[in-house]
Amino acid sequence: MDGIVTDVAVGVKRGSDELLSGSVLNSPNSNMSSMVVTANGNDNKKFKSDDKMDGAPSRVLHIRKLPGEVTETEVIALGLPFGKVTNILMLKGKNQAFLELATEEAAITMVNYYSAVTPHLRNQLIYIQYSNHKELKTDNTLNQRAQAVLQAVTAVQATNAPISGTTVSESAVTPAQSPVLRIIIDNMYYPVTLDVLHQIFSKFGAVLKIITFTKNNQFQALLQFGDPVNAQQAKLALDGQNIYNACCTLRIDFSKLVNLNVKYNNDKSRDYTRPDLPSGDGQPALDPAIAAAFAKETSLLGALSPLAIPNAAAAAAAAAAGRVGMPGVSTGGNTVLLVSNLNEEMVTPQSLFTLFGVYGDVQRVKILYNKKDSALIQMADGNQSQLAMSHLNGQKMYGKIIRVTLSKHQTVQLPREGLDDQGLTKDFGNSPLHRFKKPGSKNFQNIFPPSATLHLSNIPPSVAEEDLRTLFANTGGTVKAFKFFQRDHKMALLQMSTVEEAIQALIDLHNYNLGENHHLRVSFSKSTI
């Protein structure tokens, strides 16, 4: 299988292509014993796609516009967080599938969740709707693969032992004993760092601790979740998957340990619940020169791993975690991002330039003339587009959850001379506001995900705490806390009440003129006040 699927995403269809509004629900615990049934020609005739649809809830869901190579495992993973998956039918020729959940409530929860969160399967938008079928009746005698999988489920339940060569893993039918997973990485042609593991596994729940080590010449890790159910979900979804295309294969088992004792926070081990731990003898995650070399090499892979791990593998992951500067590293990979679900009443090229400029030097922005809730953004290199995508996809901007994916365009075209496009396209190539122009700039080490706490710098001596509190409150949010740096009153931390408010304040006030030729600089901070 080619790289891991991370962000499985969907629009909900009821008769038309309108996306339903729905509240984002916390995914309930999952437990699954699945019967995997692949459609053959007869099934295709029997299960006509549900085009005419009244939208009545059903525990059977109809999934459309699936990518060609998608596997049963990936489709099952869509339903896993919401409850027990009881059957699946793939209509490979039609790029469709039916997924049956144990209860109607689980199906309703799933549809509501995916109407509010619209990610993608293998970078392709897919649609989920209630099926007209109330249950899946599949002809098992015609389908040997289904029979094999069903036998595997039965055998695993009976013997409690894993059976190789089937799509159902042991953890699908046995309770998770431990919140700790033991991870072995095979075919490790590219470095896999602690930060990369955290990025992958935290999609399944809160990762509390990670310890990495080499044993029998193999890179291994112990990783502890807050909840054994999350460990079970991660094992089910990730065991046997590749981190990068065609290499770095994950082998995952439950550990006999139920709690990890981490002594140091460094590149070998980390306790995310105890940021106060000493670093011990740990070195930075990756030497910048090695990072640059790996970045160049990894970009030759060309294909983007669906894992949302930066193409420049460990280099970009380490940079994102603030470990490593990547002066002058430019990689292959696409530099153009497609941003959708924007608030078309509010968004401007300038606001997109400011927000995406936190993660790279934005060259051009084009809001689409015929679809003003979408924009193309061209970054300076592939690393920057990857960082911006991984940090900003799913964040709220002007009240709407934005989606960020890689565009198929290689560049953003400027309008022809003399053509008025209503200011929807802007060239920022020569902007003095680029944060990453200087090689080795400190800004490379201060790239953090959007957070409620903002780092302010370049504050003139005449500006007091009250002035800054008032200024930030005027962006429409609530200032919860403020603190000048003790040694340097040019810098401060300011906390808004939500991440969305902080994003808004950064868009409005980065480069704000505070007088005395001081333009305020605003970034996201990893600290809290």
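**Confidence and the setting of helix H10**

Biologist: What is the average pLDDT of the chain?
Modeller: This is a predicted model, and the chain averages a pLDDT of 75, with 70% of the residues scoring at least 70.

Biologist: Where is pLDDT below 50?
Modeller: One such stretch is residues 282-332, which nevertheless has 114 contacts in the model beyond near neighbours in sequence. Residues 48-54 also stay under 50, and the model gives them 20 contacts beyond four places in sequence.

Biologist: And among the elements, which have the lowest and highest mean pLDDT?
Modeller: Strand E2, residues 36-38, has the lowest mean at 34. Helix H9, residues 349-356, has the highest at 98.

Biologist: Changing topic: how many helices and strands are there?
Modeller: The chain contains 12 helices and 23 strands. Of its contacts between residues at least 6 apart in sequence, 72% join residues at least 24 apart.

Biologist: How much of the chain is buried?
Modeller: Buried residues account for 53% of the 529 residues. The accessible surface is about 23,900 Å², and carbon and sulfur atoms contribute 49% of that area.

Biologist: Why is H10 described as largely enclosed?
Modeller: Helix H10 spans residues 382-392, and 10 of its 11 residues are buried, so the rest of the structure largely encloses it. Among the buried residues are Gly382, Gln386, Met389 and His391.

Biologist: What caps its N-terminal end?
Modeller: Asp381 does, through a side-chain oxygen placed 2.9 Å from the backbone nitrogen of Asn383.

Biologist: Which residue just after H10 has a positive phi?
Modeller: That is Gly394, with a phi of about 90°.

Notes
Residues are numbered from 1 along each chain as its sequence is written. This is a predicted model: local features need pLDDT of at least 70, side-chain atom pairs count only at pLDDT 80 or more; totals for chains, interfaces and linings use all residues. Side-chain values use heavy atoms; hydrogens and water are left out. Buried means under 20% relative accessible area, exposed over 50%, partly exposed in between (1.4 Å probe, protein chains only). Helices (H or I, at least four residues) and strands (E, at least two) are DSSP runs, numbered from the N terminus. A polar contact is a pair of N or O atoms within 3.5 Å; within protein, one must be able to donate a hydrogen and the other to accept it, and residues adjacent in sequence count only if both atoms are side-chain atoms. Contact means heavy atoms within 4.5 Å. Accessible areas come from the Shrake-Rupley method with a 1.4 Å probe; for residues, only the protein chains shown count as cover. pLDDT is the predictor's confidence in each residue, from 0 to 100.
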